[in-house]
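Trainee: I would like a close look at a single part of this model, taken slowly and with the terms spelled out.

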Amino acid sequence: MPEIPLKDADFDLDVSGIGGFFGDEESFAAMSSVHLVRGRRWFGWYNSPGSYFVAKRYGLLARSRIWDGLYPGPNIDPTSMLELDGKEGPRYVGAHSGTRIQKTGHLSYLLASHCSDLEVDYAAAAPATSDVHITVVHLDEFSKFPGYPIIPKDGMSPFDPVCIIPITASLAAAVACAVFKDWFCFSTILLGCFCNGISCVVIGSGKLKIVQPNSSPNSPPGDGILFNTSGRVVLLKGSEQTVSTITRGRFNLQYKSESRYHDIGLVSLALTFQFLLQLFIVPQGELFGQIMFLSTFAVSWMYNAYLASVDREDLQKKLLINNLLQKPTVRTVRLPKWTALVTFSALILQAGKNTRAILDEMIPTDTHVWRIVKDTIVKSIQRNQTPSDVLPEQNLEGLDEKELGLLRDMLEQASIGLDAAKKELDSVQVEKNEKRSGSADHAV
């Protein structure tokens, strides 16, 4: 039997600090991605640092007097803890239903964030310092996907083979310790692999579902406006069922053990014992075994940091766009001023009798000039005429030169918005015709 390396070294490694405080946040972030990456649940069999921190966080999910005593703190819903819900979306105004929601939900937040990242598809005028942007989302009828309401696995991030690295490193280190009969370090490495692996399996057992309101089939279209906090307006065009899914729907992580979550409490307890046992047993091993133990921590920490760098919010956006909304047509338009954007919105939404209410919502100013501007825009939309054709009908008495100049400027912007909206509607109609012809050809 070869002699164990560094056997005659006259010092030991103090792993207590590393075992307790090394890689805490990275480990929790890595565990939190278990529901968004395919196969992640089954590949946690490596010795990971930060077990005590992870145990404290997930221990808050378990609900009983025992668990509350071991892991004191407010009981948290797993969906919120893993940041799959809880973000506030922008204000929503329905064009036909009159619905007003001051704070929408997590799905609206994701959609608005997605739209804010999009490039401009076309511009209604030359670039200007006052440019504003609007994104139009054309939504199809909501249809139930396979396995509804559980989010299908094919919508998750693909399997990442990098997970093999920390597993191989941990097993190799354990084998090296066994070869030189350092059973203390051998057992603690395997203990860490088992506890982290079983934790991934149990915590990853939750089913990610979509929860949505049940809208009446007789409801008017759900077309409306999301006033994104980033300054970009989002127009939603679609059925009430689809739009209400965005504004009031949410993700929900469901476990068989809810609402007590005793299985999560048990794995939290296992992670706590892992931390304590490694804290006391590793110093009993040889220096070589301690180095092997710490090397598994180093490799696992790098892998956890790699997982933590994955944007979980971006993964949720892909689920929303690709699976729930089935890749809707999305276009972003750049307009020179807010008046052009408001007029664009009013025509796209085709709110009929509610057009004036939409204008008042987006431009609350109620001066004499703005009342004339709004009346002119409404009549232009209703009659399919240009604002300059409608203006002669308006009573302009009492307006001074500056007000008349402002009126002309605003109606010029309104004309730009109307032209851009007609272009958008024509493009949508062309796409619909192409889809119909393609479906007919396929049927033949």
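Trainee: Are helix 7 and helix 11 roughly parallel or roughly antiparallel to each other?

Mentor: This is a predicted model, in which local features need pLDDT of at least 70 and side-chain atom pairs count only at pLDDT 80 or more, while totals for chains, interfaces and linings use all residues. Residues are numbered from 1 along each chain as its sequence is written, and side-chain values use heavy atoms, with hydrogens and water left out.

Helix 7 (residues 164–179) and helix 11 (residues 287–308), both DSSP runs of H or I with at least four residues, numbered from the N terminus, pack at an angle of about 175° with their axes 9 Å apart. The axes are lines fitted to C-alpha atoms, for helices over the stretch in contact, and the angles run from 0 to 180 degrees between N-to-C directions. Angles under 35 degrees count as roughly parallel, over 145 as roughly antiparallel, 65 to 115 as roughly perpendicular and the rest as oblique, and helix 7 and helix 11 are therefore roughly antiparallel to each other.

On the helix 7 side, the residues in contact (heavy atoms within 4.5 Å) are Ile165, Pro166, Ala169, Ser170, Ala173, Ala176 and Cys177, and they meet Phe288, Gly289, Met292, Ser295, Thr296, Val299, Ser300 and Tyr303 of helix 11. By class, this contact has 10 nonpolar, five polar and no charged residues, where Ala, Val, Leu, Ile, Met, Phe, Trp, Tyr, Cys and Pro count as nonpolar, Asp, Glu, Lys and Arg as charged, and the others, Gly among them, as polar.

As for the setting, the protein chain is divided into domain 1 (24–84 + 150–206 + 256–311) and domain 2 (338–443), with bounds from an automatic or database domain assignment, and the C-alpha centres of domain 1 and domain 2 lie 57 Å apart.

Terms used. Helices (H or I, at least four residues) and strands (E, at least two) are DSSP runs, numbered from the N terminus.
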